[in-house]
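Q: Please take a close look at one part of this structure for me, and then carry on from there into its surroundings. I would like a connected account rather than a list.

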Amino acid sequence: MKRLAYLFALIPVLTICSFAQTQSTSNAHFWPVGKTVALSLSFDDARLSQVDAGTPLFDQYGVKATFFVLTTSVDKRLNAWKTALKNGHEIGNHSEKHPCSGNFAWARPNALEEYTLYKMKNELVRTNKAIQDQLGITPQLFAYPCGETFVGRGLNTKSYIPVIAELFSAGRGWLSEGPNDPTYCDMAQLTGMEMDGKDFEQILPIIENAKKTGHWVVLAGHEVGEAGNQTTRVAMLKKLCEYAQNPANGVWIAPIGTVAKYVQEKRK
(Lines give C-alpha, C1' and ligand atoms only; values in the text may rest on other atoms or scores of the structure.)
Protein backbone atom coordinates (compact mmCIF):
# COMPACT_ATOMS: atom_id res chain seq x y z
CA MET A 1 0.00 0.00 0.00
CA LYS A 2 2.84 2.39 0.85
CA ARG A 3 4.43 1.73 -2.56
CA LEU A 4 1.10 2.40 -4.29
CA ALA A 5 0.62 5.62 -2.34
CA TYR A 6 4.15 6.70 -3.28
CA LEU A 7 3.44 6.10 -6.99
CA PHE A 8 0.22 8.11 -6.81
CA ALA A 9 2.11 10.93 -5.09
CA LEU A 10 4.58 11.01 -7.98
CA ILE A 11 1.91 11.53 -10.64
CA PRO A 12 1.48 15.32 -10.12
CA VAL A 13 5.27 15.78 -10.07
CA LEU A 14 5.77 13.80 -13.27
CA THR A 15 2.91 15.69 -14.91
CA ILE A 16 4.44 19.04 -14.01
CA CYS A 17 7.88 17.96 -15.23
CA SER A 18 6.40 16.70 -18.47
CA PHE A 19 4.51 19.97 -18.94
CA ALA A 20 7.64 22.01 -18.25
CA GLN A 21 9.61 19.97 -20.78
CA THR A 22 6.87 20.48 -23.35
CA GLN A 23 6.86 24.20 -22.67
CA SER A 24 10.63 24.44 -23.03
CA THR A 25 10.53 22.91 -26.50
CA SER A 26 7.22 24.39 -27.67
CA ASN A 27 8.94 26.99 -29.87
CA ALA A 28 11.11 24.51 -31.74
CA HIS A 29 9.13 24.94 -34.97
CA PHE A 30 8.27 28.63 -34.56
CA TRP A 31 10.99 29.93 -36.88
CA PRO A 32 11.36 29.59 -40.67
CA VAL A 33 12.05 26.09 -41.99
CA GLY A 34 15.50 24.87 -41.00
CA LYS A 35 15.91 27.48 -38.24
CA THR A 36 15.72 26.74 -34.51
CA VAL A 37 16.75 30.12 -33.08
CA ALA A 38 16.59 33.77 -34.12
CA LEU A 39 19.53 36.15 -33.66
CA SER A 40 19.63 39.93 -34.05
CA LEU A 41 22.72 42.12 -33.74
CA SER A 42 22.17 45.69 -32.57
CA PHE A 43 24.31 48.70 -31.74
CA ASP A 44 23.62 51.98 -29.93
CA ASP A 45 24.58 55.65 -30.31
CA ALA A 46 25.64 55.72 -34.02
CA ARG A 47 29.29 55.62 -32.99
CA LEU A 48 31.76 56.23 -35.79
CA SER A 49 33.29 52.76 -35.57
CA GLN A 50 29.92 51.22 -36.40
CA VAL A 51 30.05 52.48 -39.98
CA ASP A 52 33.84 52.66 -40.21
CA ALA A 53 34.39 49.03 -39.17
CA GLY A 54 31.03 47.40 -38.43
CA THR A 55 28.86 47.78 -41.53
CA PRO A 56 31.71 46.92 -43.95
CA LEU A 57 32.28 43.72 -41.97
CA PHE A 58 28.60 42.80 -42.00
CA ASP A 59 28.34 43.57 -45.70
CA GLN A 60 31.22 41.19 -46.32
CA TYR A 61 29.26 38.38 -44.67
CA GLY A 62 25.84 39.38 -45.97
CA VAL A 63 24.59 40.03 -42.42
CA LYS A 64 22.16 42.85 -41.66
CA ALA A 65 22.23 44.60 -38.27
CA THR A 66 20.12 47.13 -36.38
CA PHE A 67 21.57 50.51 -35.36
CA PHE A 68 19.86 52.74 -32.79
CA VAL A 69 21.11 56.21 -33.58
CA LEU A 70 21.58 59.62 -32.04
CA THR A 71 21.03 62.25 -34.74
CA THR A 72 24.03 64.35 -33.72
CA SER A 73 26.28 61.33 -34.29
CA VAL A 74 24.66 60.45 -37.63
CA ASP A 75 25.67 63.88 -38.97
CA LYS A 76 29.33 62.99 -38.48
CA ARG A 77 29.10 60.12 -41.01
CA LEU A 78 25.91 60.98 -42.88
CA ASN A 79 26.91 59.45 -46.22
CA ALA A 80 28.13 56.28 -44.54
CA TRP A 81 24.82 55.90 -42.71
CA LYS A 82 22.93 56.41 -45.97
CA THR A 83 25.04 53.65 -47.50
CA ALA A 84 24.36 51.35 -44.53
CA LEU A 85 20.63 51.91 -44.95
CA LYS A 86 20.85 51.28 -48.69
CA ASN A 87 22.69 48.01 -48.01
CA GLY A 88 19.82 46.70 -45.89
CA HIS A 89 20.86 47.64 -42.36
CA GLU A 90 18.15 48.89 -40.04
CA ILE A 91 17.97 52.26 -38.30
CA GLY A 92 16.20 52.80 -34.98
CA ASN A 93 15.59 55.72 -32.63
CA HIS A 94 17.81 56.07 -29.55
CA SER A 95 16.40 59.44 -28.43
CA GLU A 96 17.73 62.95 -28.98
CA LYS A 97 19.52 63.59 -25.69
CA HIS A 98 20.18 60.04 -24.42
CA PRO A 99 18.37 60.60 -21.10
CA CYS A 100 19.45 58.31 -18.27
CA SER A 101 19.15 58.39 -14.51
CA GLY A 102 20.76 61.43 -12.91
CA ASN A 103 22.45 58.94 -10.63
CA PHE A 104 25.10 59.02 -13.37
CA ALA A 105 26.75 62.43 -13.00
CA TRP A 106 27.28 62.72 -16.76
CA ALA A 107 23.52 62.25 -17.31
CA ARG A 108 22.46 64.95 -14.83
CA PRO A 109 21.68 67.57 -17.55
CA ASN A 110 19.19 65.09 -19.12
CA ALA A 111 18.15 63.11 -16.07
CA LEU A 112 15.12 60.84 -16.44
CA GLU A 113 14.07 61.92 -12.95
CA GLU A 114 13.33 65.37 -14.42
CA TYR A 115 11.39 64.03 -17.43
CA THR A 116 7.63 63.66 -17.82
CA LEU A 117 5.82 61.32 -20.21
CA TYR A 118 4.86 64.37 -22.27
CA LYS A 119 8.47 65.56 -22.51
CA MET A 120 9.70 62.07 -23.44
CA LYS A 121 7.09 61.59 -26.16
CA ASN A 122 7.87 64.99 -27.67
CA GLU A 123 11.59 64.20 -27.74
CA LEU A 124 11.06 60.86 -29.46
CA VAL A 125 8.69 62.33 -32.06
CA ARG A 126 11.20 65.11 -32.69
CA THR A 127 13.99 62.54 -33.07
CA ASN A 128 11.97 60.50 -35.55
CA LYS A 129 11.47 63.63 -37.65
CA ALA A 130 15.18 64.46 -37.50
CA ILE A 131 16.10 60.94 -38.66
CA GLN A 132 13.52 61.25 -41.44
CA ASP A 133 15.21 64.48 -42.54
CA GLN A 134 18.67 62.92 -42.39
CA LEU A 135 18.08 59.46 -43.85
CA GLY A 136 14.64 59.53 -45.43
CA ILE A 137 13.07 56.92 -43.14
CA THR A 138 10.90 57.07 -40.04
CA PRO A 139 12.24 54.64 -37.42
CA GLN A 140 9.92 51.88 -36.26
CA LEU A 141 12.23 50.70 -33.47
CA PHE A 142 13.61 52.16 -30.25
CA ALA A 143 16.34 51.26 -27.76
CA TYR A 144 16.06 52.55 -24.19
CA PRO A 145 19.12 54.65 -23.28
CA CYS A 146 20.91 52.92 -20.41
CA GLY A 147 18.14 50.33 -20.56
CA GLU A 148 16.05 52.49 -18.21
CA THR A 149 12.31 52.73 -18.80
CA PHE A 150 11.08 55.31 -16.28
CA VAL A 151 10.55 59.05 -15.93
CA GLY A 152 10.16 61.03 -12.70
CA ARG A 153 11.07 59.99 -9.19
CA GLY A 154 9.53 58.53 -6.07
CA LEU A 155 5.73 58.56 -5.99
CA ASN A 156 5.71 60.39 -9.32
CA THR A 157 7.73 57.74 -11.18
CA LYS A 158 6.06 56.46 -14.34
CA SER A 159 6.99 53.90 -16.98
CA TYR A 160 7.41 55.22 -20.49
CA ILE A 161 7.07 51.76 -22.00
CA PRO A 162 3.49 52.62 -23.09
CA VAL A 163 4.90 55.60 -25.02
CA ILE A 164 7.24 53.26 -26.87
CA ALA A 165 4.39 50.84 -27.57
CA GLU A 166 2.44 53.73 -29.08
CA LEU A 167 5.22 55.14 -31.25
CA PHE A 168 7.22 52.06 -32.28
CA SER A 169 6.72 48.44 -33.31
CA ALA A 170 9.44 47.32 -30.89
CA GLY A 171 11.62 48.62 -28.06
CA ARG A 172 14.86 46.99 -26.89
CA GLY A 173 16.36 46.94 -23.41
CA TRP A 174 19.96 46.62 -22.27
CA LEU A 175 22.00 44.37 -19.97
CA SER A 176 19.21 41.80 -19.93
CA GLU A 177 19.76 38.33 -18.49
CA GLY A 178 18.19 36.19 -21.19
CA PRO A 179 16.67 35.97 -24.68
CA ASN A 180 13.07 36.57 -25.78
CA ASP A 181 10.31 33.98 -25.92
CA PRO A 182 8.68 34.77 -29.28
CA THR A 183 5.30 33.42 -28.19
CA TYR A 184 5.10 35.68 -25.14
CA CYS A 185 7.58 38.60 -25.15
CA ASP A 186 6.36 42.19 -25.04
CA MET A 187 7.55 43.90 -28.22
CA ALA A 188 7.80 47.20 -26.36
CA GLN A 189 10.43 45.80 -23.99
CA LEU A 190 12.52 43.18 -25.76
CA THR A 191 15.55 41.95 -23.89
CA GLY A 192 18.97 43.03 -25.13
CA MET A 193 22.02 41.06 -24.00
CA GLU A 194 25.44 42.69 -23.93
CA MET A 195 28.04 41.58 -26.48
CA ASP A 196 30.65 44.27 -25.74
CA GLY A 197 33.93 42.85 -24.49
CA LYS A 198 32.94 39.23 -25.07
CA ASP A 199 34.66 36.50 -27.05
CA PHE A 200 32.75 34.21 -29.39
CA GLU A 201 33.17 31.40 -26.87
CA GLN A 202 31.15 33.48 -24.38
CA ILE A 203 28.39 34.30 -26.88
CA LEU A 204 28.02 30.79 -28.30
CA PRO A 205 26.45 29.20 -25.17
CA ILE A 206 23.77 31.92 -25.16
CA ILE A 207 22.75 30.97 -28.70
CA GLU A 208 23.03 27.22 -28.12
CA ASN A 209 20.84 27.43 -25.02
CA ALA A 210 18.30 29.54 -26.90
CA LYS A 211 18.11 26.81 -29.55
CA LYS A 212 16.75 24.41 -26.94
CA THR A 213 13.72 26.63 -26.35
CA GLY A 214 13.42 28.26 -29.76
CA HIS A 215 14.02 31.71 -28.33
CA TRP A 216 15.16 34.96 -29.94
CA VAL A 217 18.56 36.32 -28.93
CA VAL A 218 19.03 40.07 -29.31
CA LEU A 219 22.63 41.13 -28.76
CA ALA A 220 23.52 44.76 -28.06
CA GLY A 221 26.83 46.60 -28.38
CA HIS A 222 28.45 49.98 -28.91
CA GLU A 223 31.87 50.46 -30.49
CA VAL A 224 33.19 47.97 -33.06
CA GLY A 225 36.93 47.32 -32.77
CA GLU A 226 39.73 45.13 -31.53
CA ALA A 227 39.65 46.22 -27.89
CA GLY A 228 38.52 48.98 -25.55
CA ASN A 229 35.67 49.96 -23.27
CA GLN A 230 32.14 49.27 -24.54
CA THR A 231 33.59 47.62 -27.64
CA THR A 232 32.24 44.64 -29.52
CA ARG A 233 35.23 42.67 -30.75
CA VAL A 234 35.76 42.34 -34.51
CA ALA A 235 37.19 38.83 -34.02
CA MET A 236 34.03 37.77 -32.19
CA LEU A 237 31.78 39.23 -34.88
CA LYS A 238 33.64 37.39 -37.64
CA LYS A 239 33.26 34.05 -35.88
CA LEU A 240 29.63 34.81 -35.03
CA CYS A 241 28.76 35.71 -38.63
CA GLU A 242 30.43 32.56 -39.94
CA TYR A 243 28.61 30.43 -37.36
CA ALA A 244 25.23 32.03 -38.05
CA GLN A 245 25.62 31.78 -41.83
CA ASN A 246 26.29 28.04 -41.67
CA PRO A 247 22.91 26.36 -42.42
CA ALA A 248 23.87 23.39 -40.25
CA ASN A 249 23.63 25.59 -37.14
CA GLY A 250 19.96 26.51 -37.68
CA VAL A 251 20.39 30.21 -36.90
CA TRP A 252 18.14 32.84 -38.46
CA ILE A 253 20.17 36.04 -38.25
CA ALA A 254 18.15 39.12 -39.14
CA PRO A 255 17.52 42.72 -37.95
CA ILE A 256 15.23 43.27 -34.99
CA GLY A 257 12.46 44.77 -37.12
CA THR A 258 12.47 41.82 -39.53
CA VAL A 259 12.20 39.29 -36.72
CA ALA A 260 9.62 41.37 -34.84
CA LYS A 261 7.39 41.54 -37.92
CA TYR A 262 7.69 37.77 -38.42
CA VAL A 263 6.82 37.12 -34.75
CA GLN A 264 3.79 39.39 -34.86
CA GLU A 265 2.50 37.71 -38.02
CA LYS A 266 3.13 34.25 -36.57
CA ARG A 267 1.18 35.11 -33.40
CA LYS A 268 -1.98 36.00 -35.34
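**The largest pocket and what surrounds it**

A: Let's start with the lining of the largest pocket, which by class has seven nonpolar, five polar and four charged residues. In this classification, Ala, Val, Leu, Ile, Met, Phe, Trp, Tyr, Cys and Pro are nonpolar, Asp, Glu, Lys and Arg are charged, and the others, including Gly, are polar. Please keep in mind that this is a predicted model, where local features need pLDDT of at least 70 and side-chain atom pairs count only at pLDDT 80 or more, while totals for chains, interfaces and linings use all residues. Residues are numbered from 1 along each chain as its sequence is written, and side-chain values use heavy atoms, with hydrogens and water left out.

The pocket's volume is about 240 Å³. Its lining comprises 16 residues, and those closest to the centre are His98, Cys146, Trp174, His222 and Gln230. A pocket here is an open set of points on a 1 Å grid over the protein atoms alone, where a 1.4 Å probe fits and protein lies on both sides within 12 Å along at least five of seven lines; a lining residue has an atom within 4 Å of a point. Points are joined across faces, edges and corners, and the volume is the space filled by probe spheres set on them.

Two of those central residues deserve a closer look. His98 sits in the loop between strand S3 (90–93) and helix H5 (117–135); helices (H or I, at least four residues) and strands (E, at least two) are DSSP runs numbered from the N terminus. The phi of His98 is near 50°, a positive value in a residue other than glycine. Cys146, in the loop between S4 and S5, also has a positive phi, about 65°, although it is not a glycine. Is each of them buried, partly exposed or exposed? His98 is buried, at 18% relative accessibility, whereas Cys146 is partly exposed at 25%. The cut-offs are under 20% relative accessible area for buried, over 50% for exposed and partly exposed in between, with a 1.4 Å probe and protein chains only.

The loop of Cys146 leads us to strand S5 (residues 150–151), where we find Val151. Val151 is buried, with 2% relative accessibility. Leaving aside residues up to four places away in sequence, Val151 touches Leu112, Tyr115, Thr116, Leu117, Met120, Asn156, Thr157, Lys158 and Tyr160; a contact means heavy atoms within 4.5 Å.

What about the aromatic rings? The whole structure holds 14 aromatic pairs. One of them joins Trp31 and Trp252, and because their ring centres are 6.0 Å apart and their planes lie at 55°, the pair is tilted. This pair links distant parts of the chain, with Trp31 in the loop between helix H1 (2–24) and strand S1 (37–44) and Trp252 in strand S12 (residues 251–253), 221 residues apart. Rings of Phe, Tyr and Trp (its six-membered ring) pair if their centres lie within 6.5 Å, with planes under 30 degrees apart called stacked, over 60 edge-to-face and the rest tilted. Trp31 is buried at a relative accessible area of 3%, and Trp252 is buried at 16%.

Tyr160, a contact of Val151, brings us to another pair: Phe142 and Tyr160 meet edge-to-face, 6.3 Å centre to centre with 70° between the planes. Phe142 belongs to strand S4 (residues 141–143) and Tyr160 to the loop between strand S6 (158–159) and helix H6 (161–167), so the pair ties together parts that are 18 residues apart in sequence. Both rings' residues, Phe142 and Tyr160, are buried.

Finally, a step back to the whole chain. It has nine helices and 12 strands, and its C-alpha trace spans about 75 × 50 × 35 Å along the principal axes. Of its 268 residues, 47% are buried. Among contacts between residues at least 6 apart in sequence, 72% join residues at least 24 apart.
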